[in-house]
Amino acid sequence: MKQEKKPLILIADDSEMNRSILMDMLEEEYDIVEAENGAQAVALLQQLSSTIALVLLDIVMPEMDGFEVLTMMNKYRWIEDIPVIIISSETSSSSLEHAYELGVTDYISRPFDELIVHRRVINTILLYAKQKRLMDLVADQILEKEKRSTLMIDILSHIVEFRNGESGMHVLHIRAITELLLKRVLQKTDKYPLSHEEVELICTASALHDIGKIAIPSEVLNKPGKFTDEEFAIMKTHSAIGDSMLEQVPFVQDEPLVRVAREICRWHHERYDGRGYPDGLKGDEIPVSAQIVALADVYDALTSERVYKKAFSHEKAKDMIVNGECGSFNPILLDCLLDVADDIKDALTGSTLRNDISQKEIRNIAEEMLDYKELATSDRTLRALEHERIKYQFFASMSNEIQFEYTTLPPMATVSDWGAEQLGLKEIIMDPLHDETFLSLGRETIENLREALHKTTPENPVVQCECQICVKGELRWYRIVSRTMWSSDEEPEYQGVIGKAVDIHDEHTRITDLERVSSHDGLTGLLNQAAAPGVIQEKLREYPDEEYAMFLLDLDYFKTANDQYGHIFGNHVLQYFAEKLRQSVRSGDIIARVGGDEFLLFLQYKEGFELAVDRIFHSLSGEYGGFKISVSMGIARKSETVNDYETLFQYADQALYAAKHAGRGQYCFYNDTMVNTLSVISPIDCDTEEEK
């Protein structure tokens, strides 16, 4: 049987007697090398630094003392991997303090006590061995979390790219270019001081830069020719829509990832000269994150084929950007683009783009973690893991799926926050197979799934099945897709499982989530102008005998809100007004945003219609943040001759015009006098607040 190799200890002491005593104490369990002065100790460290497990170091030695040895160990970073115990009769507090500042782990005073020496040597070597194992574990966890969060990013961004007709590599290109530009910026100038965490956040968030395009009609998004002014105006809304979508993700608004993603979504089409959109920011009013992603986006758009153009060469794209043919950019960033142009070209032609990026990130994190000299200062480790947890939680919440993880050691189940809420579980369940709340989901189902998982192998780890789960007392069918996790040992051991569960009852709803996003206004969540006609026409066709009315509403003096308080405040006013609309009508009534500050209501009525109109009208008045909310409203009723969407909309629009022409802050019912004579308003059909 092969004998296990002993740990190697370096004893550096100018006294042969001291070295001999220490060797007698330790040689049974350790291999020993000796140095009689500091210079010899440094020479041995240069040769054997990868194998030395511990240094026992005297302070007072010829040629080079113990402090000088420690200085060299810090210079070459050996101190990060090799613990040092001082063995000395030097007991002054200043000497000991200086030794600890240089990275010493422990101190043993002479004369030696064999039991103390033996115990402290063992403890120190074990402590560092555990620390190294912990570092390996942390690196594995970070890599696994990175893979999961990257997968979620890829899925979300691919959804946008699929609708946009772009290649599946666009988001990966943006991330790679962004990373190269950021690193060069940090090397070139101290104008934008960014930490490693901030660089990582910007690179991650860059994948979401065009998420607002999910709400742009496909006929505009994929038009092969030049946009009309109206189409371009629609396309430009995607940046604000993306910001709004992220703003509405619950519970995560204070997370740095969401803040950076919102910056990039909203402002990556701003230009350095102030001629961009949506807010016309200029110079460094634009966050550097958005500036860099904007430059990366333009470069990749030029060098990639689109429905409306062929791809330009790398050199042509670079020249077009630098010559100002694609808008105005920060001169510092243009210099950085030229500096890393060849690196960008190489990165985008590489076949392992995603893997290269992930491995670089893990190495960067590991290197920074090694800068800490004590296990107690592994604060960085916790922050890195927390950063990955936040990313995972954020993308899990956006997917609206029950995502779960189970580990065998310790026996613990972790459920995504959204999934835990749906199932009525805690997010972390210790020993779930003996937890009554967890087992209440269905003992037979859980046992069948457990049996199926244990039949998997490392080569075939995926299980997919459909089963019933008891949720809030009701049996519901779920589709479960899971993957077992195995150790990397020669004989792999089952370590747990990750997976997701999808409610089959709601699957159709989830499949049409994209359609819903593209049919709903990104800012208010209401139906948009493109979707409202079809929904209303279907209602009219399905229930031809019911009484219906269409309302068109316009916020009075809304431009004042934008001019005085800014567009972000204006967006908040629109969101507030949309919520008041929801509260003023029944759940089955149809509400849509059909213009900037113009809204539509379509509702069924029976008796007391005029009273209902009056109630709705007065419920919408109010105040938000110092801005007085007043509304003008036009109403058209369905009749035998007026029974289609277009006519109802036209008549409601004429009534709205009449209400605004009469002084705003009132409502009008459509009547025949308004046909081609919109200035003629019957007092009976137009009520002002003063008349009431």
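**Figure 1. Contact between helices α6 and α14 in the predicted model.** In this predicted model, L181, R184, V185 and K188 of helix α6 meet L333, D335, C336, L337 and D339 of helix α14. Sorted by class, this contact comprises five nonpolar and four charged residues, with no polar residue. Helix α6 covers residues 170-188 and helix α14 covers residues 331-339; their axes come within 9 Å and cross at roughly 115°. Angles of 65 to 115 degrees count as roughly perpendicular, and α6 and α14 are therefore described as roughly perpendicular to each other. The crossing in which α6 passes α14 is right-handed. Such a description rests on two quantities, because two packed helices are described by the angle between their axes and the distance between the axes.

**Figure 2. The five-stranded parallel sheet and helix α1.** Five strands form an open sheet with parallel pairing, and their order is β2-β1-β3-β4-β5. The edges are occupied by β2 (31-35) and β5 (106-109); each has a single partner strand, so one side of each is left without a neighbour in the sheet. On average, neighbouring strands of this sheet are turned by 20° against each other, direction ignored. Within the sheet, strand β1 (residues 8-12) pairs with strand β3 (residues 52-57) in the parallel sense, over five bridges. A12 has L57 of β3 as its bridge partner. Helix α1, formed by residues 16-26, packs on the sheet and touches β1, β2, β3 and β4 (84-88). The direction of α1 makes about 170° with that of β2.

**Figure 3. Surroundings of A205 and S206.** A205 is placed in helix α7 (residues 196-205), whereas S206 lies in the loop between α7 and α8 (218-221). A residue under 20% relative accessible area is termed buried; A205 has a relative accessibility of 0% and therefore counts as buried. S206 is likewise buried, with a relative accessible area of 0%. Residues up to four places away in sequence being left out, A205 touches L257, V260, A261 and I264. The C-alpha atoms of A205 and I264 are separated by 7.4 Å, although the two residues are 59 residues apart along the chain. With neighbours within four places in sequence set aside, S206 is in contact with I174, R175, T178, I264 and V293. I264 is thus among the contacts listed for A205 and among those listed for S206.

**Figure 4. The six-stranded antiparallel sheet and helix α20.** An open sheet is formed by six strands in the order β8-β7-β6-β11-β10-β9, with antiparallel pairing. At the edges stand β8 (428-430) and β9 (462-471), each with a single partner strand, so one side of each is left without a neighbour in the sheet. From one strand to the next, the twist averages 25°. Helix α20 (residues 443-454) packs on this sheet, where it touches β9, β10 and β11 (494-503). The direction of α20 makes about 170° with that of β9.

**Figure 5. Strand pairs within the six-stranded sheet.** β9 pairs with strand β10 (residues 474-486) in the antiparallel sense over 10 bridges, and Q468 stands opposite W477 in β10. Strand β6 (residues 402-407) is joined to β11 in the antiparallel sense over six bridges; here I402 stands opposite A501 in β11. β6 also pairs with strand β7 (residues 412-415), in the antiparallel sense and over four bridges. In that pair, F404 stands opposite V415 in β7.

**Figure 6. The hairpin of strands β13 and β14.** Strand β13 (residues 590-593) and strand β14 (residues 598-604) run antiparallel and are joined by four bridges. The hairpin connects β13 to β14 through four residues. I590 stands opposite F602 in β14. Both faces of β13 are covered: I590 and A592 on one side are buried, as are I591 and R593 on the other.

**Figure 7. Overview of the protein chain.** The secondary structure of the chain comprises 27 helices and 19 strands. The chain has 692 residues, of which 48% count as buried. Among its contacts with a separation of 6 or more, 61% are accounted for by residues 24 or more positions apart.

Conventions. Residues numbered from 1 in each chain as written. Predicted model: local features only at pLDDT ≥ 70, side-chain atom pairs only at ≥ 80, totals over all residues. Heavy atoms only, no water. Axes fitted to C-alpha atoms, helices over the stretch in contact; angles between N-to-C directions. Helix = DSSP H or I, 4+ residues; strand = E, 2+ residues; numbered from the N terminus. Parallel < 35°, antiparallel > 145°, perpendicular 65-115°, else oblique. Left-handed = near helix turned anticlockwise from the far one by under 90°. Contact = heavy atoms within 4.5 Å. Nonpolar A, V, L, I, M, F, W, Y, C, P; charged D, E, K, R; others polar. Pairing = 2+ DSSP bridges. Buried < 20%, exposed > 50% of the residue type's maximum accessible area, 1.4 Å probe, protein only.
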